[in-house]
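Biologist: I am new to this structure and would like a friendly, close look at one part of it. Please pick a place to begin, and then show me how the rest connects to it.

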Amino acid sequence: MTLESNLQQEKVKHLDLSNFTKVESGTSVRDTVEAMRKATHHCAIIMAGDSLIGIFTDRDILRKVVDVPETWEQPIDQVMTPAPITVNSNDPADAALALMDAEHFRNVPVLNKKGQVIGNLTHYAIIKYLADHFPESVY
């Protein structure tokens, strides 16, 4: 089986989706960044109860926060990307990768069929999957 055909058949839910921190709406930017730092994650998924309402990434820190000290005490809702594009856990990995490439995303929230957040898809997760399953081709 080729790399391409494997990614066409592999479901997103079988990749490592653990690289994210969940943060409740209203949490301060400072506390969100601190939670991301402690967990060594580059992405925070912003929740209102069980509902995904936004995403905040290390890019957002650089673009919206680092040079604006007054944002540190504001709610994360003020600087997050609201209503992010998501992928379904049963989507094929190649379709998710194509979306990430087309939209220049480094993080995409993954939802199950009930609409609940189950993870965050990154390029690293796809590379890790390929390296684990096709080490000769990747290396």
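Modeller: Let's begin with how strands are matched up: two of them count as paired if DSSP finds at least two bridges between them. Helices (H or I, at least four residues) and strands (E, at least two) are DSSP runs, numbered from the N terminus. The model is a predicted one, in which local features need pLDDT of at least 70 and side-chain atom pairs count only at pLDDT 80 or more, while totals for chains, interfaces and linings use all residues. Residues are numbered from 1 along each chain as its sequence is written, and side-chain values use heavy atoms, leaving out hydrogens and water.

Our part is an open sheet built from four strands in the order 1-2-3-4, with mixed pairing. Strand 1 (21-24) and strand 4 are its edges, each pairing on one side only. In general, strands of a sheet are held together through backbone hydrogen bonds, in a parallel or an antiparallel way. Here, strand 3 (residues 51-57) and strand 4 pair in the antiparallel sense, over two bridges. Look for Ile55, which stands opposite Thr81 in strand 4.

Now bring in the helices around the sheet. Helix 2 lies across strand 1, strand 2 (43-48) and strand 3, and runs at about 75 degrees to strand 3. Helix 3 also packs on the sheet, where it touches strand 3 and strand 4 (contact is heavy atoms within 4.5 Å), and its direction makes about 70 degrees with that of strand 3. For such angles, axes are lines fitted to C-alpha atoms, for helices over the stretch in contact, and the angle between N-to-C directions runs from 0 to 180 degrees.

Both of these helices take part in salt bridges (a side-chain nitrogen of Lys or Arg within 4 Å of a carboxyl oxygen of Asp or Glu), and the structure holds five of them. In one, the side chains of Arg30 and Glu73 meet at 2.5 Å, N to O. This pair links distant parts of the chain, 43 residues apart: Arg30 sits in helix 2 (residues 29-39), and Glu73 in the loop between helix 3 (58-65) and strand 4 (81-82). Glu73 is exposed, with a relative accessible area of 53%, and Arg30 counts as partly exposed at 42%; buried means under 20%, exposed over 50%, and partly exposed in between (1.4 Å probe, protein chains only).

Within helix 3, Asp60 and Lys64 form another salt bridge, at 3.5 Å from N to O. They are separated by about one helical turn, because they are four residues apart in that helix. Asp60 counts as buried, at 7% relative accessibility, whereas Lys64 is partly exposed at 31%.

Finally, let's see what lies beyond. The largest nonpolar core (buried Ala, Val, Leu, Ile, Met, Phe, Trp, Tyr and Cys residues joined through side-chain atoms within 4.5 Å) has 16 residues, of which Val12, Leu15, Leu121 and Ile126 touch the most other members. Helix 4 (93-103), strand 6 (107-111) and helix 5 (123-133) each give two or more residues to this core, and the largest share, four residues, is from helix 5. Apart from this core lies another, of twelve residues, including Val33, Met36, Phe56 and Val79. Helix 5 also holds Asp132 and Lys128, four residues apart, about one turn of the helix, and these two form a salt bridge with their closest N and O atoms 3.0 Å apart.
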